Amino acid sequence: LKGALTQAPQMLCQVQGPLPCAPHVSALLALALVGICSGSSEWPKNGSQPGNRTQPENESFLQPARPPEATIAKLQCPMGYYQTDGARGTQAVRLRPQRSHEYLFEVPAGVVNYSLHVSAPSNATLRIADKSAGTTILRSGRLHPLPNTSFTYSRTVGVEEALLILGTLPVSIAVGMDNAAGEDGAAVVRYRFDGMSACRAVPSGCMATFRTWGPIALLVLLGACVYAASSTPRGREALAGVRAAVSSAVAHVGSRHSGHAQGGEKAGFLEGSPAEESPQDAAAVGRVCRPASCCSCRSCVFFSSQEADPRASLPRQGQSDEVEEIVRRMREAEEDRGLQQAGLMRLEDLAVEPDMKRRILDCGGASAAVDAMARHSDSSLLQEHGCAMLGNQASQAKVQQRALLETGAVQAVTKSMRDHPDSAKVQETACWALREFATFRQGRDHILEQEGIERVLRALQDHALTAAILEHGCLALAYLAHEPKHRKVIAREGGITTVLTSMRNVPHVGAVQEAGCLALRNLSCSTEHKATVLELHGDDDILQAMRTHPPLASLQETALDALLVLSLKPERLVDGGAVKLIVRAMECHADVEDLQQTACKLLVHVGCGGAKVRAELTRLRASYFARRAKARFTSPGVKAAAGKALEVLPQGGDEGSSE
């Protein structure tokens, strides 16, 4: 555990998925620990859908083709350990100049179906070694796979490397990078895995829980108390000091770190299409991602006789009336801040499950959460979990959203943001919650009435380098921009500049770049706001996002859609390098139907340009990719868009390339 804690700050991982079975374990520490339980999960399909979405994809990974017999059954971890269903993450890496084997992290033996994807400069390559044997598995693009193990490796010079290890990893491997350049560089490492086979009875680095050694400590204290009763006053004083020392030591054995996970584990869908001057529909889609998979030791906290663990006052997890009992006990002890916080944490996790949303609402769980947030408004931790619980409850639940709005959920969230402007966690969960409420028209109207737009913009400005806040905040603005009246408020309050600043502050974070592109796209559905985006050179930021994140199909499609709405002159698109990026996106993501359709529509617009534009289209053989898209897909949308593109594009050769 000490070693894991030492390495955890170096991981800089962005874990996408909640820990519903262990809300008090931080995602970063949980991934650092090697006890990772197994479980089967369904991967989202590679590709993207038109218009608005809530879950940015990192779908350039090689996808493991998992046969039925390779599926791992869910495990029942012992008391004090936790397991869910799979994990993925992202790590931004700084590459020092002329550095051989820049160590990144270790992948423990037993990980199932592990895939690794690296986007780095052409002079930086991935290196992987067998940690126990000290041998090299991958170096400078040359693969030396382990015996009896399925390794698949691919590399595109200057763009990306991908490694897929099917099955169970037999040994621990060390992952690093070699940078031959004479200057600093940067790389983005993305990984995903199905779990650990099998979860250890006592995971490495874990300790026994309080249930094991707690009675022994209590017996020792009881014996000492009996001794003190028959001893001198000085002895009793000494005993009191010993007991205080023991209590302090035990209390520091473990600590509870609670927090909701970030990003795609809480996906939603959007109702309606952007109104006014939208060149095409923006039907919304959502995606539910499987939560992260971890097996970690329970935090141990010693409680004095005057203080009880608030979690002990809640019903057992999994019992038939768990939700009803949690709400009942929260109502009975409204002044007990610890119990209210523990109850919100449990409801936050339960609200992820679709069948639990209705039960929570029917038994008054939402109103209990709103009341707890109002009664304990000075507790940032309670507000954090309250916002997360309400956001989970609103996610993908149109019927429940109407009832949530009647309980004052949006007002509670915006009040949390107003009362705790300096708390990054409160602002993050609140932006997340507003993003989910903004997927429906009634929710958008409530957010407008409660000055939620101003709250989101303030959060983006005050926490300008916190990627999770920037992602959720930009997505909230994107969904709010579905109506012209909301777009006017966003633009009036400086929202376009704020979105562009957010994108420029963290160019290496693909999720923020995609959210920003979507916000600019929806805001540009109004002519006056489109002009503002162009005056601020927002098209340059969209193109830069495409250059920086070529493997991310969803980001590429969103950026292409934004360029289509902006309707730039073909000559300006050529001067900015847009045509090359369009062709490269079609080349790299040939199987993504919606990206191909959007790219073909954009080529139709570009193909109407002058001689300079047509020369560039000919040089890049854009017509080849349009023909390929028309031949590959059967959907009427792609065939129609590709057919129109072929009518206006100059005809090139039979082979295509983005160079």
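**Close-up views of a predicted model**

Just after helix α16, glycine 494 adopts a positive phi of about 80 degrees. The model is predicted: local features require pLDDT of at least 70 and side-chain atom pairs count only at pLDDT 80 or more, whereas totals for chains, interfaces and linings use all residues. Residues are numbered from 1 along each chain as its sequence is written, and side-chain values use heavy atoms, with hydrogens and water left out.

**View 1. The buried and exposed sides of helix α16 (residues 484-492).** Helices (H or I, at least four residues) and strands (E, at least two) are DSSP runs, numbered from the N terminus. His486, Arg487, Val489 and Ile490 of α16 are buried (under 20% relative accessible area; exposed is over 50%, partly exposed in between; 1.4 Å probe, protein chains only). These four residues lie on the same side of α16 because they cover an arc of only 160 degrees around the axis, the arc being that of the directions from the helix axis to the C-beta atoms. An α-helix has 3.6 residues a turn, so residues three or four places apart point the same way. Lys488 and Arg492, on the other side of α16, are exposed. The cover over the buried residues of α16 includes α13 (441-449), α14 (452-462), α15 (467-480), α17 (495-505), α18 (510-523) and α19 (527-535), where contact means heavy atoms within 4.5 Å.

**View 2. Arginine 444 in helix α13.** Arginine 444 has a relative accessible area of 0% and is therefore buried. From C-alpha to C-alpha, arginine 444 and glutamate 483 are 8.7 Å apart in space, and they are 39 residues apart in sequence.

**View 3. Glutamate 348 in helix α6 (residues 337-350).** With a relative accessible area of 3%, glutamate 348 is buried. Its side chain makes a polar contact with the side chain of histidine 385 at 2.8 Å (a pair of N or O atoms within 3.5 Å; within protein, one must be able to donate a hydrogen and the other to accept it, and residues adjacent in sequence count only if both atoms are side-chain atoms).

**View 4. Strand β11 (residues 185-193) and its enclosure.** Because 8 of its 9 residues are buried, β11 is largely enclosed by the rest of the structure. Strand β4 (residues 111-119) runs antiparallel to β11 and is joined to it by 5 bridges; two strands pair if DSSP finds at least two bridges between them. Valine 118 has valine 189 of β11 as its bridge partner.
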